Amino acid sequence: MTLLLLLLLQSPHARLEGRVPPAALPGLDSLIEQAVAESLPTEPLVQKALEGGAKGIPVPRLVNGVRHGLVQLRDARAIVSRATPARASLDGDVAAVAAALARGLDPALIERLLSAAPPPEPAPGEPPGPVLHAAADLVAHGFPADSAAELLRAAQQQGLHGTRLLDVAVAASHELQREGGRTPVEALARVRAMLPNVPVAAPPHPRTVTRRAGRGS
Amino acid sequence: MTVIDPRLQEALDGERDPAALPAELREAYARLTAAAALLRDPPATSVADRVMAEIRREAPARRPANWLLRPVTFRLRPVWTLAVAAAVAAVVFLPFRESATPGAEEGVAQFVGHFPGARSVEVVGSFNDWQRGALALRDEDHDGIWHGAVVLPAGQHEYMFVVDGERWVADPLAGRYVDDGFGAGQQNALLIVRP
C-alpha cells in the first residue's frame, strides 16, 4: 500500500525534476497539465521530456518536441473516436495511434485500420499497436498504403492478430527482396496466398547471447 | 492514631538501651525492629520477578520458532521509512528485470551494435526512462561487436545507443525508426517486444 501510494504520489513534475533543464520545467508542466485537462495520456509526454533531457536537447526544442507530442495525442484521440465511436478511447489506444502518426502513417489509413474489425479477430479490446506497426512497416518498405491495409485486413480475417501481423509485414518484405526480384504487388499477392501460414519472423539479432541484465551493469 | 510510648520511641531512636525497657515494651521493640529490617532489605526475588520468570520459561526446542514469530518493533524516522519504501518500489516495479526468463507479458530484447574501438556502448530508451547507465552492452572478445539482452515488457520501446558516453546512435539493425520530434531530423530506433 505504501509502495502504491509512493508511486501515485510521484507526479510528472517530480519525475522530470533534475532530468530536464530547470528552465524547461514550467513549459513542460503546462503541457502536461493541458494533457491532464483534456484526459489525454501523459506518459508519452513525460517520456519525450525525459528523452530530450537525456539527449541534452536545448530547452526551446525540448519543449517544442513535447508540444508536438501533445498535438499528436490530440490527433490520435480524434482518430480513435472517429474509428471506434461505440467505445471510449483508451489511453493505450491513443498512445498507439500517436506512435503510428509519429512513424508517418497516414491518418486516413490509421482510421481505416482501426475501424476495420473483421470477424473473428481482432478480439474486442485488442490493442491497435501491432496492426498499425505492421502497416507502418509495409509502407516503410515501399508497399502502397491501400494494398498494405488490404493485406492486413485479409490476415485478420484469416485469424492472425497481435504481433503475428508483424510477421505478415516481414514476410512481404522478404518476398520483395527475394532473388530475381518481385514487384510490391507480386510480393503482396504471394503473402496473401500464404495466409494464415506466414512464417514466424526470426529474432533480429541471432548472434546475441541472452544474458542476465542488471541495472547499472 | 495510637500514640507510641516515649520510652519505646527513645529506644527505636537509639537514645535508650532497649534492655532497660519494661518487658511489654521490649516485646514491642523486637516486633518493630524486625519489621523495619524486612522493609530495609527487600527479598532477593520479588513476586513479580518470579511470575515473569515463569512466563518467560519456554521449552528449548520452541525458542527458534518463537524467535521467528515474535513481533519486533522497529523505530524508524519517517525519512528512512520513505527511503526504504522507494528502494523496494524500485526493485519491484521497475520494468528492468535481472532475469533472462520473461514472464507472460514480457519478451527478451536483444541488442547488437558494431562499434570498433569504442570504450563503452549502452542502451538508453523509453524502457528505462531514458536513464543513462542502466544497460551496458559488452564486447568480451574485443572484436568491436557489442551485444546484450534484457527482459522487457511486451510492446513498443524507443531507444538509442550511447557510444563512449557521448555519441547517440540509432541502432543500424533495428529496422524500425521514428523521428524523435526534436526538430533536428534525428531518429530513434523502434523495438517491438513480443510476449
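Here is a short walk through this predicted model, one selection at a time.

**Stop 1: the core**

Start by selecting Val97(A), Leu132(A), Ala135(A), Leu152(A), Val168(A) and Ala172(A). These are the residues with the most contacts inside the largest nonpolar core, which has 87 residues. Now add helix α6 of chain A, residues 91-102: it gives this core its largest share, nine residues.

Stay with Leu132(A) for a moment and look around it. Which residues does Leu132(A) touch, leaving aside those up to four places away in sequence? You should find Ala96(A), Val97(A), Ala100(A), Leu105(A), Ile110(A) and Leu113(A).

**Stop 2: two helices that cross**

Next, show α9 (residues 145-157) and α10 (residues 164-177) of chain A. Their axes are 10 Å apart, and the helices pack at an angle of about 130°. Angles of 65 to 115 degrees count as roughly perpendicular and those over 145 as roughly antiparallel, so α9(A) and α10(A) are called oblique to each other. Their crossing is right-handed.

Turn on the side chains to see who meets whom. From α9(A) come Leu151(A), Leu152(A) and Ala155(A), and from α10(A) come Leu165(A), Val168(A) and Ala172(A). That contact is made up of six nonpolar residues, with no polar and no charged ones. You've already met Leu152(A), Val168(A) and Ala172(A) at the core stop.

**Stop 3: a cis bond**

Move along chain A to Pro196(A), in the segment after α11 (184-194). Zoom in on the peptide bond leading to Pro196(A) from Leu195(A): it is cis, with omega near 0°.

**Stop 4: over to chain B**

Color chain B by secondary structure. You'll get five helices and seven strands. Follow the chain from the N terminus and the helices go by before the strands begin: α-α-α-α-α-β-β-β-β-β-β-β. Of its 195 residues, 24% count as buried. Among contacts in chain B between residues at least 6 apart in sequence, 56% join residues at least 24 apart.

**Stop 5: two loop residues with positive phi**

Select Trp130(B), in the loop between β2 (121-125) and β3 (145-153). Its phi is positive, near 55°, and it is not a glycine. Then pick Asp164(B), in the loop between β4 (155-163) and β5 (167-169). Asp164(B) isn't a glycine either, yet its phi is about 55°.

Are these two buried or exposed? Trp130(B) has 22 other C-beta atoms within 10 Å, so it is buried. Asp164(B) has 12 C-beta neighbours inside 10 Å, so it counts as exposed.

Definitions and conventions:
Residues are numbered from 1 along each chain as its sequence is written. Chains are lettered from A and ligands numbered from 1 in the order in which they are written. This is a predicted model: local features need pLDDT of at least 70, side-chain atom pairs count only at pLDDT 80 or more; totals for chains, interfaces and linings use all residues. A nonpolar core is a set of buried Ala, Val, Leu, Ile, Met, Phe, Trp, Tyr and Cys residues joined through C-beta atoms within 7 Å. A residue is buried if 20 or more other C-beta atoms lie within 10 Å of its own, exposed if 12 or fewer, and partly exposed in between; C-beta atoms are placed from the backbone. Helices (H or I, at least four residues) and strands (E, at least two) are DSSP runs, numbered from the N terminus. Two residues are in contact if their C-beta atoms, placed from the backbone, lie within 7 Å. Axes are lines fitted to C-alpha atoms, for helices over the stretch in contact, and angles run from 0 to 180 degrees between N-to-C directions. Angles under 35 degrees count as roughly parallel, over 145 as roughly antiparallel, 65 to 115 as roughly perpendicular and the rest as oblique. A crossing is left-handed if the near helix is turned anticlockwise from the far one by less than a right angle, and right-handed if clockwise. Ala, Val, Leu, Ile, Met, Phe, Trp, Tyr, Cys and Pro count as nonpolar, Asp, Glu, Lys and Arg as charged, and the others, Gly among them, as polar.
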